Amino acid sequence: MVECQLETHNNKMVTFKFDVDGDDPEDIAIYMVENNFMLEVQKPKFIEEMRAIIASSQEMLRNSVEGERGTDVAAHYPPADLGQSDSGAVSLSTWRERPGMERHR
């Protein structure tokens, strides 16, 4: 599971979680547009960012399982630029768990 935060086109913060092995970035993007969390024109960049997060998360999991070094694994992602000035911060864990996604004001 990966948890992400996204600053919406109307400057609100949305936190959502998704399963890196089960949830499709395109489906998440459709949900985000349908629920007015982002604009249609932002979908391609959002999907691209989600794929990068999934790939990085899967790599971290592989390294963690292969190494079992007993160290903490952390990743830091720069803010996702979804065509807005400084909006779209993405950070790491399942959007399916909540029907209406959690909103932070």
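**Exercise 1. Backbone at two asparagines**

Asparagine 11 is exposed, its relative accessible area being 59%; here buried means under 20% relative accessible area, exposed over 50%, and partly exposed in between (1.4 Å probe, protein chains only). The model is predicted, so local features need pLDDT of at least 70, side-chain atom pairs count only at pLDDT 80 or more, and totals for chains, interfaces and linings use all residues. Residues are numbered from 1 along each chain as its sequence is written, and side-chain values use heavy atoms, with hydrogens and water left out.

Task: state where asparagine 11 lies and describe its phi; then do the same for the place and phi of asparagine 36.

Solution.
1. Asparagine 11 lies in the loop between strand E1 (2-7) and E2. Helices (H or I, at least four residues) and strands (E, at least two) are DSSP runs, numbered from the N terminus.
2. The phi of asparagine 11 is positive, about 65°, although the residue is not a glycine.
3. Asparagine 36 is placed in the loop between helix H1 (25-34) and H2.
4. Asparagine 36 also is not a glycine, and its phi is positive, near 60°. With a relative accessible area of 44%, asparagine 36 is partly exposed.

**Exercise 2. Aromatic pairs**

Task: find how many aromatic pairs there are, and classify the pair of phenylalanine 16 and phenylalanine 46.

Solution.
1. Apply the rule: rings of Phe, Tyr and Trp (its six-membered ring) pair if their centres lie within 6.5 Å; planes under 30 degrees apart count as stacked, over 60 as edge-to-face and the rest as tilted.
2. The count is two aromatic pairs.
3. For phenylalanine 16 and phenylalanine 46, the centres are 6.2 Å apart and the planes make an angle of 40°, which gives a tilted pair.
4. Phenylalanine 16 belongs to strand E2 (residues 13-18) and phenylalanine 46 to helix H2 (residues 43-67), so this pair ties together parts that are 30 residues apart in sequence.
5. Both phenylalanine 16 and phenylalanine 46 are buried.
6. Ring pairs join Phe16, Phe18 and Phe46 in a cluster.

**Exercise 3. Salt bridges**

Task: give the number of salt bridges, then work out which residues the network of salt bridges links.

Solution.
1. Side chains of opposite charge can pair when their charged atoms come close. The criterion for a salt bridge is a side-chain nitrogen of Lys or Arg within 4 Å of a carboxyl oxygen of Asp or Glu.
2. Five salt bridges result.
3. One of them joins glutamate 40 to lysine 43, with the closest N and O atoms 3.4 Å apart. Glutamate 40 is partly exposed at 48% relative accessible area, whereas lysine 43, at 18%, counts as buried.
4. Glutamate 48 meets lysine 45 in a salt bridge of 3.5 Å, N to O. Glutamate 48 and lysine 45 are three residues apart in helix H2, so about one helical turn separates them.
5. Glutamate 49 forms a salt bridge with lysine 45 as well, the closest N and O atoms being 3.4 Å apart. Glutamate 49 and lysine 45 are four residues apart in helix H2, so about one helical turn lies between them.
6. The network of salt bridges therefore links Lys45, Glu48 and Glu49. Relative accessibility is 29% for lysine 45, 47% for glutamate 48 and 21% for glutamate 49, and each counts as partly exposed.
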